[in-house]
Amino acid sequence: MRGIQKVETYLESIISQGNIPGAVLRVSYKKQTILNKAVGWKKLYPSRMEMTSDTLFDVASLTKVVATLPVVLKLVDEGLISLTDSIKTYLPDFVNPDVTIQHLLTHTSGLKATKEYSKGDMTYPQVVQDICNNSLEAGAGEKVIYSDLGFILLKEIVETASKTEFFSLIQKEIYSPLGMSETVFKPTMNESRYASTEYSDVTGGYKCGKVHDENAYYFGGISGHAGLFSSAEDLAKYATMIEQNGMAAGKQILKEETVQLSKQLMTNGLGERRGIGWQLKDEDYSPCGKLFSGQSYGHTGFTGTSLWFDPERSLYVILLTNRVHVGRKPDILTVRPKIHSLIVEAISN
């Protein structure tokens with residue numbers, strides 16, 4: 001596919017300009033992998049190491065849709081929870097009885113975006129209590145406020161409802177059936193497998209195999225909002241299951257109707273288009289660019305990661321970068337849409 005070369009050339013150009021150190025880009029079109037490319041460097045400091053297609057990335061907020069979302073949907077499938085359940089059912093001290101699990105998943109709970117717990121001295125149970133006690137910035141279902149705090153609470157709800165540790169349940173119900181053996185919290189593989197992220201005063205070096213998000217690091221590396229590490233290969237297994245509405249390798253991992261529901265617009269008129277867990281394409285700006293269809297959905301991660309689907313084209317794109325390794329530049333906001341648009345142009349031609 002000749003047009004794909006333009007995608008590779010663009011990636012190489014933004015790396016040479018210093019916008020990102022490196023990337024792994026994997027593209028599936030009509031259920032065929034048409035690109036699986038590693039470009040640039042998995043780390044620049046303190047010494048360079050070349051990017052490889054099996055590099056493990058801190059996927060940051062992709063944790064929300066690759067870990068927390070599927071395990072919540074699994075509990076819905078099994079009847080252990082309902083999307084309409086009040087948060088107070090599981091966390092009795094939560095401030096507003098009208099806030100439901102669906103409100104947390106659609107970022108319409110009214111909770112603020114985040115809070116810097118890593119700069120305080122609260123224990124993790126005290127953090128959860130503090131989130132429950134926080135006054136809300138909007139009423140339930142009134143406004144989209146993208147909130148890490150809501151997904152921190154979702155982890156607690158999952159553990160309360162299932163009586164099982166968060167990651168153990170995800171491994172059993174989602175990752176093991178999909179063969180996602182390299183998708184973990186608190187990873188232990190050789191440091192050379194990881195893309196380095198940002199310099200940390202706490203660790204006294206560039207984080208490599210340690211979660212970038214300050215709160216998730218403070219919590220011990222496991223949270224509902226961040227902390228997951230994965231590879232393009234593993235994420236492709238997950239993306240194929242989502243694309244096929246819960247089916248993978250002849251197994252129905254999640255119910256078809258549940259996965260389909262997650263991709264539907266739930267926030268009409270609330271300022272940002274959101275499904276259950278997923279971000280939906282907006283006309284004004286979208287990480288997937290202007291050429292993806294109106295039914296597109298996906299998510300991004302602060303470290304420089306993203307996963308986006310265009311169901312009309314039977315297309316999904318996994319873009320993994322460690323852009324924070326060279327600082328918190330805004331360039332990724334233009335890089336992502338450009339890459340996705342180049343991919344659409346390539347398959348269209």
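## Strand 1 and its neighbours

Which residue in strand 14 is the bridge partner of Val 24? In this predicted model, that partner is Leu 320. The pairing belongs to a set of seven bridges that join strand 1 to strand 14 (residues 315-321), with the two strands running antiparallel.

Strand 1 pairs with strand 2 (residues 32-43) too, again antiparallel, through eight bridges. Here Ser 28 has Thr 33 as its bridge partner in strand 2. Two residues sit between these strands in the hairpin, and Lys 30 takes a positive phi near 50° there.

## Which way the side chains go

Strand 1 (residues 22-29) is mostly covered, with eight of its eight residues buried. Gly 22, Val 24, Arg 26 and Ser 28 point one way, while Ala 23, Leu 25, Val 27 and Tyr 29 point the other way. Whichever way they point, all of them are buried, and that includes Arg 26.

## The nonpolar cores

Now for the packing. The largest nonpolar core has 71 residues, and Ile 101, Tyr 238 and Trp 278 touch the most other members. Helix 2 (residues 62-77) gives the most to this core, chipping in nine residues. Apart from this core lies another one, of 27 residues, with Val 27 from strand 1 among them, as well as Leu 11, Val 335 and Ala 346.

Back to Trp 278: leaving out residues up to four places away in sequence, its contacts include Val 65, Leu 69, Tyr 238, Ile 242, Leu 307 and Phe 309. Ser 262, Lys 263 and His 299 are also among the residues Trp 278 touches. As a general point, nonpolar side chains tend to be buried together in soluble globular proteins.

Methods: Residues numbered from 1 in each chain as written. Predicted model: local features only at pLDDT ≥ 70, side-chain atom pairs only at ≥ 80, totals over all residues. Heavy atoms only, no water. Buried < 20%, exposed > 50% of the residue type's maximum accessible area, 1.4 Å probe, protein only. Helix = DSSP H or I, 4+ residues; strand = E, 2+ residues; numbered from the N terminus. Pairing = 2+ DSSP bridges. Core = buried A, V, L, I, M, F, W, Y, C linked by side-chain atoms within 4.5 Å. Contact = heavy atoms within 4.5 Å.
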